[in-house]
Amino acid sequence: MLNRNNIDTVYIKFMSALHVRYDNLSMAAALEQTIYLMEKQNSKANLFFVNIDCIYKALHDEEYCTILNTADLLLPDGIGVKMITMIYGGRMRENCNGSEFSPLLMSIAAKKNYKLFFLGGREGVAEKAAKQVLMNIQGIQITGTHSGYFDNDQKVIKKINDSGADILLVAMGVPLQEKWIYHNRKDLNPKLCIGVGALFDFLSGRIRRAPKILRTLHLEWCWRLAIEPKRLWKRYLIDDMKFMGSVFIQKYIKKP
């Protein structure tokens with residue numbers, strides 16, 4: 001597990017105020033740490049991502065909060081986490097969101113002969129995502145896929161284990177994907193389990209990702225809101241905005 005004794009004091013204050021910690025790493029360091037976890041003998045690791053919506057949910061869901069805080073690696077995702085870190089006097093080193101991180105990890109996995117399994121998404125989406133990845137990353141081994149809709153965990157777990165996968169990517173949305181991994185981890189054989197959110201939708205082309213300029217400017221949330229307004233308007237315009245306001249008030253206005 002990552003040695004968190006070297007994290008700076010401002011970062012510790014951020015963790016303590018919001019009851020959720022994250023590993024403040026650059027993308028390169030995060031990938032290096034992930035490979036370290038993969039290569040540890042007799043160990044299983046969980047890797048999750050945390051954005052502002054995840055923190056909001058974690059503050060209202062004790063089990064989810066515990067799951068995030070016990071992850072072997074928890075990486076920061078998005079402008080919201082960056083802004084809160086700044087409010088508490090820190091600096092988020094890099095946006096390590098899953099949509100950018102996962103393809104980089106897959107390229108490394110191809111070179112190291114790690115096998116992957118895609119679990120989640122609508123019927124056929126994980127399979128289509130796998131086909132796209134197989135075309136784009138030379139030597140990648142994806143040994144199985146399954147949609148996120150099933151009523152028998154043990155059958156799906158057997159399929160994953162029988163595939164010989166070293167890395168399991170689970171796309172069920174938060175907090176369902178993290179809870180599913182956590183509750184089934186003892187039965188899952190892959191060395192690494194990762195919660196990847198909407199990754200398969202992006203890889204399969206079911207949902208188009210924001211242009212690079214918007215991602216660079218941390219405005220991908222605007223793009224996603226425009227594409228899926230009915231599903232995302234409350235999250236982005238009500239919950240996240242209200243939460244950011246409460247963080248600002250707690251830090252700068254409310255007296256101790």
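How many salt bridges does the count come to? In this predicted model, the count comes to nine salt bridges. Side chains of opposite charge can pair when their charged atoms come close. One such pair is formed by D53 and K57, whose closest N and O atoms are 2.5 Å apart; the two residues lie four residues apart in helix 3, and they are therefore separated by about one helical turn. D53 is buried, with a relative accessible area of 2%, whereas K57 counts as partly exposed at 27%.

A salt bridge also joins the side chains of K158 and D162, at 2.7 Å from N to O, and both residues belong to helix 8 (residues 153–162), where they are four residues apart, about one turn of the helix. Here K158 is exposed at 52% relative accessibility, and D162 is exposed at 55%. In addition, D61, E63 and K179 are linked in a network of salt bridges.

Helix 3 (residues 52–59) packs with helix 4 (residues 62–69) at an angle of about 125 degrees, the axes being 6 Å apart, which means that helix 3 is oblique to helix 4. C54, K57 and A58 of helix 3 make this contact with E62, Y64, C65 and L68 of helix 4, and by class the contact has five nonpolar, no polar and two charged residues.

Six strands form an open sheet with parallel pairing, in the order 2-1-6-5-3-4, and its edge strands, strand 2 (73–76) and strand 4 (141–146), each pair on one side only. The twist from one strand to the next averages 20 degrees. Within this sheet, strand 5 (residues 167–171) runs parallel to strand 6 (residues 192–195) and is joined to it by four bridges, with L192 of strand 6 as the bridge partner of I167.

Technical notes:
Residues are numbered from 1 along each chain as its sequence is written. This is a predicted model: local features need pLDDT of at least 70, side-chain atom pairs count only at pLDDT 80 or more; totals for chains, interfaces and linings use all residues. Side-chain values use heavy atoms; hydrogens and water are left out. Axes are lines fitted to C-alpha atoms, for helices over the stretch in contact, and angles run from 0 to 180 degrees between N-to-C directions. Angles under 35 degrees count as roughly parallel, over 145 as roughly antiparallel, 65 to 115 as roughly perpendicular and the rest as oblique. Contact means heavy atoms within 4.5 Å. Ala, Val, Leu, Ile, Met, Phe, Trp, Tyr, Cys and Pro count as nonpolar, Asp, Glu, Lys and Arg as charged, and the others, Gly among them, as polar. Two strands pair if DSSP finds at least two bridges between them. A salt bridge is a side-chain nitrogen of Lys or Arg within 4 Å of a carboxyl oxygen of Asp or Glu. Buried means under 20% relative accessible area, exposed over 50%, partly exposed in between (1.4 Å probe, protein chains only).
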